[in-house]
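Biologist: I am new to this structure and should like to understand how its descriptions are justified. Could we proceed term by term?

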Amino acid sequence: MDKNWWKEAFGYQIYLRSFFDGNNDGIGDLPGIIAKLPYLAHLGVNLLWICPFYTSPMDDNGYDVANFYRVAREYGTLKDLRSLIKSAHQLQMKVIIDLVLNHTSDEHPWFKASRKSLNNPYRDYYIWKKPRIIDGQQTEPTNWASFFGGSCWEFDVRTQEYYMKIFSKKMPDLNWENPKVQEEMVQMATWWCEQGIDGFRIDAISHLAKAEFVDSDLFPDHEYKPDWSKYSNLPRLHDYLKLLNKRVFSKYNIVTIGEVGGNAPVSEGIAYTNPKNHELNMVFNFDHNWCNNAWGAQSKKELSTDVQQLKAVFHKWQTGLYGQGWNAIYWLNHDQPRLMSQYGDPEHYHQESAKMLATVLYFMGGTPFIYNGEEIGMTNPEFKSIADFRDVSIINQYEINVKRHHQDEQAFLARAALTSRDNARSLMQWSDQADGGFSLVKPWNIIGDYHKINVAKQINDPQSIFTYYRRIIALRKSDQYRDVLVYGTYEGLWMEHPDLFAYMRSYAHQRLLVIANMTKKTVALPSIPYQQVKIILANYEGRQLSPALLPYEAMLIQIEEED
Ligand code: GLC
Ligand code: CA
């Protein structure tokens with residue numbers, strides 16, 4: 001297997017708007033990140049992914065881009081970005097940015113022109129369709145749903161046609177069939193590479209190609225059918241990626257990471273990332289995000305971690321892509337609730353469960369990404385009413401379900417609190433000062449329990465979650481363990497066990513074993529058929545291998561060669 005810098009890197013995702021407010025206007029910004037670079041260097045990460053900072057009306061916090069070549073004023077300037085890249089490089093950290101290719105803002109000049117008339121030169125930059133008349137009623141071109149609630153079509157009065165929008169109505173989908181759109185994106189991505197960035201996290205990449213525009217016959221009970229296969233992982237998009245690779249990615253020493261939602265199977269993961277295909281370097285898949293009933297649960301009680309399913313999903317991707325492609329590994333990102341509130345036990349075993357989760361994930365193969373705040377075990381904040389939410393997706397769904405269809409408001413809010421993306425977008429908890437030390441003025445979003453959980457409290461504490469993350473990162477980068485942790489094979493163990501997560505990494509004659517109890521019970525340990533073992537890292541200080549694992553206990557163990 002080829003060795004590459006990006007395989008050996010340790011990533012960290014920064015949700016810009018919520019990270020740190022450098023100029024005290026209540027909104028996180030680029031100078032805020034610069035101020036915190038020493039913190040990130042101290043943690044040890046060396047590949048920063050910064051969420052969108054482009055000029056935007058911020059309908060979806062910047063994923064709705066109105067100018068791909070400009071920094072939004074509230075986030076700083078291009079000069080700030082350049083100095084961020086420079087300072088990061090001095091600290092041996094690389095910087096990758098979000099590349100949004102699927103859609104623009106409706107305030108982008110292309111869309112403003114496109115919607116003017118049927119024969120505007122920009123008309124074909126987007127996907128426009130005539131209405132259908134069904135039973136005398138004007139109807140959308142297809143019955144497909146949008147990810148953010150309602151139809152994926154929006155009627156535009158001026159030209160009496162619908163445009164496609166799989167996210168919000170302020171995010172019209174680009175028409176990738178149009179060679180002019182392809183060319184614009186090649187130019188734009190090239191321009192960013194010339195600015196000295198080290199790569200791209202490519203947003204919503206699996207949705208660039210759309211199926212034939214015919215109704216879905218799935219989901220009979222839904223008004224609009226959440227049949228994501230209509231615009232996910234379709235063959236044509238691989239042509240677009242090959243084009244981008246040939247014209248842009250292959251010309252620079254950069255890394256490219258695709259976000260592949262929409263149920264991408266392992267075979268698709270390989271199609272995207274096998275070096276022979278000349279598309280992307282790695283993918284974020286979503287499979288493990290759904291293993292704790294987060295989407296079905298109506299209340300906290302119904303959240304449960306399905307350990308067997310988690311093991312199966314990780315084993316599948318770890319072994320499936322081994323030698324064939326490359327995984328980006330992460331627990332959760334800015335589109336999901338906080339890790340600790342999903343898979344941890346913040347109330348009773350905050351430290352133990354946070355460290356256990358880190359142990360389970362970060363010794364796998366692939367390039368790891370921490371989501372900001374995870375390294376101190378941040379949890380979901382407490383939402384009291386709809387006014388506490390900012391996410392366009394929740395606000396849309398509230399309008400449709402509660403206002404229009406009179407769904408019970410309390411039930412809606414209870415579910416929103418469990419699943420909302422605002423959980424992850426709550427402010428970074430730097431200290432126990434007002435608003436967690438994020439800003440000196442009233443911030444734009446909600447914050448979690450910063451009195452209990454904050455950076456200041458953990459940064460110098462040898463027992464803290466933060467320090468444990470530092471140790472993991474250092475191990476992954478160390479001469480002694482780098483090869484086995486980065487390039488080793490993965491074998492899932494005890495796959496049928498309901499409580500324990502375990503796997504083996506092997507490389508040359510080195511073998512590392514991870515064992516973890518994902519529950520709050522003490523669980524008997526199956527026998528380990530090796531005599532000589534050495535514990536490299538453990539989340540309970542000073543513990544030896546014993547017949548049972550304590551609640552949330554986890555270890556990284558080296559199997560010593562027998563003489
Ligand atoms: C991706 C982003 C998400 C955004 C969407 C539309 O899924 O991660 O935050 O809303 O794309 O750009
Ligand atoms: Ca600011």
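Modeller: A donor is an N, O or S atom within 2.8 Å of the metal, or within 3.2 Å for Na, K and Ca. Please bear in mind that the model is predicted.

Biologist: What makes Asp 21, Asn 23, Asp 25, Ile 27 and Asp 29 donors of the calcium ion (ligand 2)?

Modeller: Their donor atoms lie 2.2 to 2.3 Å from the calcium ion, and the cut-off for Ca is 3.2 Å. Ile 27 contributes its O atom, whereas Asn 23 contributes OD1. Along the chain, the donors follow the spacing D-x1-N-x1-D-x1-I-x1-D.

Biologist: Why is Asn 23 called partly exposed?

Modeller: Its relative accessible area is 48%, and partly exposed covers the range between 20% and 50%. Asp 25, at 35%, therefore also counts as partly exposed.

Biologist: How do you know that helix α11 is largely enclosed by the rest of the structure?

Modeller: Eleven of its 13 residues are buried, so the description follows. Buried requires a relative accessible area under 20%; among the residues of α11 that qualify are His 350, Lys 355 and Tyr 362. The helix covers residues 350-362 and reaches 18 Å from its first C-alpha to its last, close to the expected 18 Å.

Biologist: Why is the largest nonpolar core said to lie between domain 1 and domain 2?

Modeller: That core has 161 residues, and Phe 53 and Trp 331 are among those touching the most other members. Domain 1 (109-164) and domain 2 (489-559) both give residues to this core, so it lies between them. Another core, of 14 residues, lies apart from it and includes Leu 500 and Ile 559.

Terms used
Residues numbered from 1 in each chain as written. Chains lettered and ligands numbered in written order. Predicted model: local features only at pLDDT ≥ 70, side-chain atom pairs only at ≥ 80, totals over all residues. Heavy atoms only, no water. Helix = DSSP H or I, 4+ residues; strand = E, 2+ residues; numbered from the N terminus. Expected span 1.5 Å × (residues − 1). Buried < 20%, exposed > 50% of the residue type's maximum accessible area, 1.4 Å probe, protein only. Core = buried A, V, L, I, M, F, W, Y, C linked by side-chain atoms within 4.5 Å. Domains from an automatic or database assignment.
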